[in-house]
Amino acid sequence: MSTITGKKQLTLIFVLDESNKKILLGMKKRGFGHGKFNGFGGKVEKDETILEGAHRELEEEAFVTTPELHRVGLLLFTFENDPKALEVHVFKTNTYNGEPKESEEMRPEWFSYDAIPYDTMWYDDQYWLPIMLQDKHFIGRFDFKEDQTTIINEELKTIDTE
Ligand code: 6OG
């Protein structure tokens, strides 16, 4: 049995163009998740709320701002032999200001809902991202092996918002 000694709070933001069924992803250029497409986001700082952190990361990583971010999911990740769990707060928005631009961290790219590059994304995304695109909310937990690819345990629940 491994022990969890703490958690990191992180944000993950998806910009959607719902009328054209497109999603903005970013190719992560460095750090954790390097080489994968993902939403924008990162660690929540000590002096900000989760929502403030989400707005800040979106602006820093994609150079876009938005008047509204909707909370759509909560994910908990653990990795074998890593005592810190990741608590990821997932947001989406369908409105944004500015043009997405490459940053030091991310190279943004639009994808059709039917051509999402799951092969180049975190392994868990294929399970919960479709739920978000169906306009539903979710809560989930994924326990990964040290290789950051193999899932040992997973639990995912859809929250019907209607
Ligand atoms: P920085 O370390 O760059 O923030 N993140 C994950 N995203 C997905 N889709 N799946 C995972 O499965 C993830 N684990 C972490 C949260 C890391 C960014 O990566 C996200 C943050 O947006 C394990 O500050």
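This passage describes aromatic pairs, salt bridges and surface residues in a predicted model.

Aromatic contacts were examined across the whole structure. The search finds 13 aromatic pairs. One of them joins Phe32 and Trp122. Their ring centres lie 5.1 Å apart, and the planes meet at 40 degrees. The pair is therefore classed as tilted, a class for planes that are neither under 30 degrees apart nor over 60. Phe32 sits in the loop between β2 (22-28) and β3 (37-38). Trp122 sits in the loop between β6 (106-112) and α2 (125-133). The two residues are 90 residues apart in sequence, so their pairing ties together separate parts of the chain. The partners differ in exposure: Phe32 has 44% relative accessibility and is partly exposed, whereas Trp122 has 9% and is buried. Trp122 counts as buried because its value falls under the 20% cut-off.

A second aromatic pair is formed by Trp128 and Phe138. Here the ring centres are 5.3 Å apart. The planes lie at 25 degrees, so this pair is stacked. Trp128 belongs to helix α2, and Phe138 belongs to strand β7 (residues 137-144). The partners are 10 residues apart, and the pair links distant parts of the chain. Trp128 is buried, with a relative accessible area of 1%. Phe138 is also buried, at 1% relative accessibility.

Aromatic residues also gather into a cluster. Phe32 and Trp122 belong to one aromatic cluster, together with Phe77, Phe79, Tyr123, Tyr127, Phe142 and Phe144.

Charged side chains were considered next. Side chains of opposite charge can pair when their charged atoms come close. The count comes to 14 salt bridges. One of these salt bridges joins Lys28 and Glu105. The closest N and O atoms of Lys28 and Glu105 are 3.8 Å apart. This distance meets the criterion because it is within 4 Å. Lys28 lies in strand β2, and Glu105 lies in the loop between β5 and β6. The pair links distant parts of the chain, 77 residues apart. Both ends are buried: Lys28 has a relative accessible area of 13%, and Glu105 has a relative accessibility of 19%.

Arg56 takes part in a salt bridge with Glu48. The closest N and O atoms of this pair are 2.6 Å apart. Glu48 is buried, at 14% relative accessibility. Arg56 also forms a salt bridge with Glu60, with a closest N to O distance of 3.3 Å. Arg56 and Glu60 both lie in helix α1 (residues 50-62). They are four residues apart, which is about one turn of the helix. Glu60 is partly exposed, with 44% relative accessibility. Salt bridges with shared partners connect Glu45, Glu48, Arg56, Glu57 and Glu60 in one network.

Attention then turned to the surface. Glu80, Asp82, Glu146 and Asp147 form a negative surface patch. Asp82 is found in strand β5 (residues 82-93). Asp82 is partly exposed, at 33% relative accessibility. Patch members need over 30% relative accessible area, so Asp82 meets that cut-off.

Ser19 was also placed in the model. Ser19 lies in the loop between β1 (6-17) and β2. Ser19 is exposed, because its relative accessibility of 69% is over the 50% cut-off. Ser19 and Gly73 are 54 residues apart in sequence. In space, the C-alpha atoms of Ser19 and Gly73 are 22 Å apart.

Terms used. Residues numbered from 1 in each chain as written. Predicted model: local features only at pLDDT ≥ 70, side-chain atom pairs only at ≥ 80, totals over all residues. Heavy atoms only, no water. Patch = residues over 30% accessible without salt bridge, like charges linked within 9 Å, V, L, I, M, F, W, Y side chains within 5 Å. Areas by Shrake-Rupley, 256 points an atom, 1.4 Å probe, with all protein chains shown as cover. Salt bridge = Lys/Arg side-chain N within 4 Å of Asp/Glu carboxyl O. Lys, Arg positive; Asp, Glu negative; His and termini not counted. Charge placed at Lys NZ, Arg CZ, Asp CG, Glu CD. Buried < 20%, exposed > 50% of the residue type's maximum accessible area, 1.4 Å probe, protein only. Phe/Tyr/Trp six-rings, centres within 6.5 Å; stacked < 30°, edge-to-face > 60°.
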